[in-house]
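Work through the exercises below with the sequence and the model side by side. Each task is followed by a solution in steps.

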Amino acid sequence: MPARPRELTPDRSARHLFGAKMRAYRERAVMSLEALSDVVNVSRSHLSRIETAEVMPPPSLPAALDAAFGTDGIFEELYRLASKEIHPDQFRRLMELEARATVIEEYASQIVPGLVQTEDYIRAQFMLSNPKAAPAEIEELVTARLTRQALLRDATGPDHWIVIDEAALRRGFGGTAVMRAQLARLAELTLTPTTVLQVLPFEHGGHALVGGSLMLLTMAGGVQVAYEESISTGSLLEDLALVAERHRAYDLLRACALSPNDSAAFIRSVMEALPT
């Protein structure tokens, strides 16, 4: 018995409506995903994820769908709306994608990335950013972040590549003991079977990603998304052109960063400079 198609939610966002309309017109034409794949030159698996709003449609698809179904620009109009909207519950969506990623690439400018923070560093960061929060609330946030880190300890977890700015190494959270332990954790991760960590020193100067943080997620099948974060906001990017632009900026950055061995030595030198 074939699997029952996943229920769609067209009222949730323009992207969900795009997927629902695509399925409706496909079924009206009595066309399978395989048959549509041949017409629009997009893989069956990718079309399936577009119908369920798991991924953004590629830029070439809307016009191809309008031509295939004779819909007079409907899909191009929906795509313009979907490409400009902020994904609903985007942080929850990011966590879902993070858990499914085969490769996670990050740039951190001011703070050690959450996936590799020590427990004490996490606690110190949340106490500074939420000074009025009750202790129980802080501990709940700490537990949530530690739980999120579990995906990196899984044998089937993603490969993880980090470029970390020198500023994040020198900006202390929680005092000397907390920072020494955090730096030791980072030094251990510079080159392992699943992690690469590189330091971008101040001497490199400016670059395209300065001022924020970036996470690039690659899923099985090659689908890629990007997540940018500033002080209090984050943006999930799924447009192929925008993701490719961020990926190029990241590739240039890690090409200019220190090698893993030199990064480990640099981190140890920062540790040695901490007051005793």
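**Exercise 1. Aromatic rings**

Task: State which residues are linked by ring pairs into a cluster, and classify the pair of Y25 and F75 in this predicted model.

Solution.
- Step 1. The cluster consists of F18, Y25, F69 and F75, which are linked by ring pairs. The structure as a whole holds 5 aromatic pairs.
- Step 2. For Y25 and F75, the ring centres are 5.9 Å apart and the planes make an angle of 70 degrees. An angle over 60 degrees counts as edge-to-face, and the pair of Y25 and F75 is of this kind.
- Step 3. Y25 belongs to helix α1 (residues 14–28) and F75 to helix α5 (residues 74–84), so this pair ties together parts that lie 50 residues apart in sequence.
- Step 4. The cut-off for buried is under 20% relative accessible area. Y25 has 17% and therefore counts as buried. F75 has 0% and is buried as well.

Task: Do the same for the pair of Y121 and F173.

Solution.
- Step 1. The centres of Y121 and F173 are 5.1 Å apart, with 50 degrees between the planes, and the pair is tilted.
- Step 2. Y121 sits in helix α7 (residues 119–129), while F173 sits in the loop between α9 (166–170) and α10 (176–188). The two residues are 52 residues apart, and their pair links distant parts of the chain.
- Step 3. Y121 and F173 are both buried.

**Exercise 2. Charges over rings**

Task: Which rings have the charged end of R28 or of R254 over them?

Solution.
- Step 1. R28 places its charged end over the ring of Y25, at 4.8 Å from the ring centre.
- Step 2. R254 places its charged end over the ring of W161, at 4.5 Å from the ring centre.

**Exercise 3. Strand β1 and its partners**

Task: Describe how strand β1 pairs with β4 and with β2, and how far β1 is enclosed.

Solution.
- Step 1. β1 and strand β4 (residues 213–219) run antiparallel and are joined by 6 bridges. Within this pairing, E106 stands opposite M215 of β4.
- Step 2. With strand β2 (residues 159–165), β1 pairs in the parallel sense, over 6 bridges. Here V103 has D159 of β2 as its bridge partner.
- Step 3. β1 covers residues 101–108, and 6 of its 8 residues are buried, so the strand is largely enclosed by the rest of the structure.

Task: Is S213 buried, partly exposed or exposed?

Solution.
- Step 1. S213 is located in strand β4.
- Step 2. Partly exposed covers the range between the buried limit of 20% and the exposed limit of 50%. S213 has a relative accessibility of 25% and therefore counts as partly exposed.
- Step 3. From S213 to L236 the distance is 12 Å, C-alpha to C-alpha, with their positions 23 residues apart in sequence.

**Exercise 4. The largest pocket**

Task: Give the volume of the largest pocket and describe what lines it.

Solution.
- Step 1. The volume of the largest pocket is about 960 Å³.
- Step 2. The lining has 36 residues, of which I111, Q125, R145, E229 and S230 are the closest to the pocket centre.
- Step 3. Two or more lining residues come from each of α6 (90–100), β1, α7, α8 (135–153), β4 and β5 (224–229). α8 gives the most, with 4 residues.
- Step 4. Sorted by class, the lining has 17 nonpolar, 14 polar and 5 charged residues.

**Exercise 5. Positive phi**

Task: What is unusual in sign about phi for V30 and N41?

Solution.
- Step 1. Most residues other than glycine have a negative phi.
- Step 2. V30 is not a glycine, yet its phi is positive, about 50 degrees. V30 lies in the loop between α1 and α2 (33–40), and with 75% relative accessibility it counts as exposed.
- Step 3. N41 is also a residue other than glycine, and its phi is positive, near 60 degrees. N41 lies in the loop between α2 and α3 (44–51), and its relative accessible area of 72% makes N41 exposed.

**Exercise 6. The whole protein**

Task: How many helices and strands does the protein have, and what share of its residues is buried?

Solution.
- Step 1. There are 12 helices and 6 strands.
- Step 2. Of the 276 residues, 49% are buried.
- Step 3. The C-alpha atoms fill a box of roughly 75 × 40 × 35 Å along the principal axes.

How values were computed
Residues are numbered from 1 along each chain as its sequence is written. This is a predicted model: local features need pLDDT of at least 70, side-chain atom pairs count only at pLDDT 80 or more; totals for chains, interfaces and linings use all residues. Side-chain values use heavy atoms; hydrogens and water are left out. Rings of Phe, Tyr and Trp (its six-membered ring) pair if their centres lie within 6.5 Å; planes under 30 degrees apart count as stacked, over 60 as edge-to-face and the rest as tilted. Buried means under 20% relative accessible area, exposed over 50%, partly exposed in between (1.4 Å probe, protein chains only). A charge sits over a ring if NZ of Lys or CZ of Arg is within 6 Å of the ring centre and within 35 degrees of the ring normal. Two strands pair if DSSP finds at least two bridges between them. On a 1 Å grid over the protein atoms alone, a cavity is a set of points where a 1.4 Å probe fits but cannot get out, and a pocket is an open set with protein on both sides within 12 Å along at least five of seven lines; lining residues have an atom within 4 Å of a point. Grid points are joined across faces, edges and corners, and a volume is the space filled by probe spheres set on the points. Ala, Val, Leu, Ile, Met, Phe, Trp, Tyr, Cys and Pro count as nonpolar, Asp, Glu, Lys and Arg as charged, and the others, Gly among them, as polar.
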